[in-house]
Amino acid sequence: MAEEPKETKPGFQNPVAGFGVTFKAMFKKRLTEQYPEQQKTTAPRFHGRHQLNRHPDGLEKCIGCELCAWACPADAIYVEGADNTDEERYSPGERYGRVYQINYARCILCGLCIEACPTRALTMTNEFELADSSRANLIYTKEQLLSGLEEGMVDSPHSIFPGTDEQDYYRGLVTEAAPGTERQVAVSKGEPRPSASPSGAADEEGVDA
Ligand code: SF4
Ligand code: SF4
């Protein structure tokens, strides 16, 4: 049996009916957000830009193990580990992350890398403003990702807290830098070694306290 044609409104009523939709929308809650003038607050566990964390004395938590890079489904992380020495120590244990890069042109902010990290060196912040017009700028380096210094910290490299070992750091026994801790010279990064002055004292040029 053939369907009966639906009844249509007379031609002159159609434009008026369209205004009805507009009129109803005028009283609905507005969804427009005034971004970027007004910043939007993210959920507390939002997956934003990564951060490389430090121990409470300022040494780095990253041990250069590359587990985060292997866990990444987008192949966005590049890590090169290296050995610590007593003269140039970046983390309490044997190894540290010498090179660390995250490519935000690839990253999908899934968080699998932070789940894989055995030392909680890698976490994610709430920062989401990562857009850039240059691909090169989207590759964040270790220096950009490393967290800032808080009270009681001394910038790496520096010596381990006297009388402790790597395990003590993970047990939470080290809560700040030992008194008198000074930053070592980052010779591997091209910083000049202190040269001996005529009086025999070391010239500390290029070394931040
Ligand atoms: S958040 Fe996901 S995609 Fe981004 S670096 Fe980590 S594992 Fe890779
Ligand atoms: S961030 Fe974590 S998983 Fe990645 S290399 Fe460093 S210690 Fe290993």
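Two residues are taken to be in contact here if their C-beta atoms, placed from the backbone, lie within 7 Å. With that in hand, Cys113 makes a good way into this predicted model. Leaving out residues within four places in sequence, Cys113 is in contact with Cys68, Ala71, Cys72, Ile77 and Leu122. Cys113 sits in helix α3. It counts as buried because 24 other C-beta atoms lie within 10 Å of its own, and the cut-off for being buried is 20 or more.

Stepping back to the whole chain, the secondary structure adds up to five helices and five strands. Read from the N terminus, these elements come in the order α-β-α-β-β-α-β-β-α-α. The chain has 209 residues, and 20% of them are buried. What share of the contacts between residues at least 6 apart in sequence join residues at least 24 apart? The figure is 69%.

Cys113 also turns up in the surroundings of ligand 1. That ligand has 13 residues around it, and the closest are Cys72, Cys107, Cys110, Leu112 and Cys113. How does this shell divide into nonpolar, polar and charged residues? It holds 12 nonpolar residues, one polar and no charged. An unreviewed UniProt entry places the feature "binding site" at Cys72, Cys107, Cys110 and Cys113. These four positions are spread over 42 residues of sequence, yet they cluster in space, with a largest C-alpha distance of 10.4 Å.

Cys72, one of the positions in that UniProt record, lies in the loop between α2 and β2. Is Cys72 buried or exposed? With 20 other C-beta atoms within 10 Å, Cys72 is buried, since 20 or more is what the label asks for. Once neighbours within four places in sequence are set aside, Cys72 is in contact with Ile77, Leu112 and Cys113. Ile77 and Cys72 both appear among the contacts of Cys113 as well.

Right after Cys72 in the chain comes Pro73, which lies in the loop between α2 (67-71) and β2 (77-83). Pro73 is exposed, because just 10 other C-beta atoms are found within 10 Å and the label covers residues with 12 or fewer. Not counting residues up to four places away in sequence, Pro73 touches Cys110 and Leu112. The partners Pro73 and Cys110 are 37 residues apart in sequence, while their C-alpha atoms are 8.8 Å apart in space.

Ligand 2 has its own surroundings. Of the 14 residues around it, Cys62, Cys65, Cys68, Cys117 and Leu122 come nearest. This shell is made up of 10 nonpolar residues, three polar and one charged. Two of the nearest residues, Cys68 and Leu122, are also contacts of Cys113.

Cys62 links this part of the story to the nonpolar core. Which residues touch the most other members of the largest nonpolar core? Among its 17 residues, the answer is Cys62 and Ile77. The elements giving two or more residues to this core are β2 and β3, and β3 gives the most, with three residues. Cys62 is in contact with Leu52, Ser91, Tyr96, Gly97, Tyr100, Thr119 and Ala121, leaving aside neighbours within four places in sequence.

A few spots in the backbone deserve a look too. The peptide bond from Tyr35 to Pro36 is cis, with omega near 10°, and Pro36 lies in the loop between α1 (14-25) and β1 (50-52). Another cis peptide bond joins Ser156 and Pro157, where omega is about 5°. Pro157 belongs to the loop between α4 (142-145) and α5 (166-170).

Positive phi values in residues other than glycine also show up. Glu66 has phi near 75° and is placed in the loop between β1 and α2. Leu109 has phi near 55° and is found in the loop between β3 (95-103) and α3 (112-116). Why does Glu66 count as partly exposed? The reason is its 16 other C-beta atoms within 10 Å, a number in between the cut-offs of 12 or fewer for exposed and 20 or more for buried. Leu109 also counts as partly exposed, because it has 16 C-beta neighbours inside 10 Å.

Conventions: Residues numbered from 1 in each chain as written. Chains lettered and ligands numbered in written order. Predicted model: local features only at pLDDT ≥ 70, side-chain atom pairs only at ≥ 80, totals over all residues. Helix = DSSP H or I, 4+ residues; strand = E, 2+ residues; numbered from the N terminus. Near = placed C-beta within 6 Å. Nonpolar A, V, L, I, M, F, W, Y, C, P; charged D, E, K, R; others polar. UniProt positions renumbered as here; feature names shortened; annotations may be inferred. Core = buried A, V, L, I, M, F, W, Y, C linked by C-beta atoms within 7 Å.
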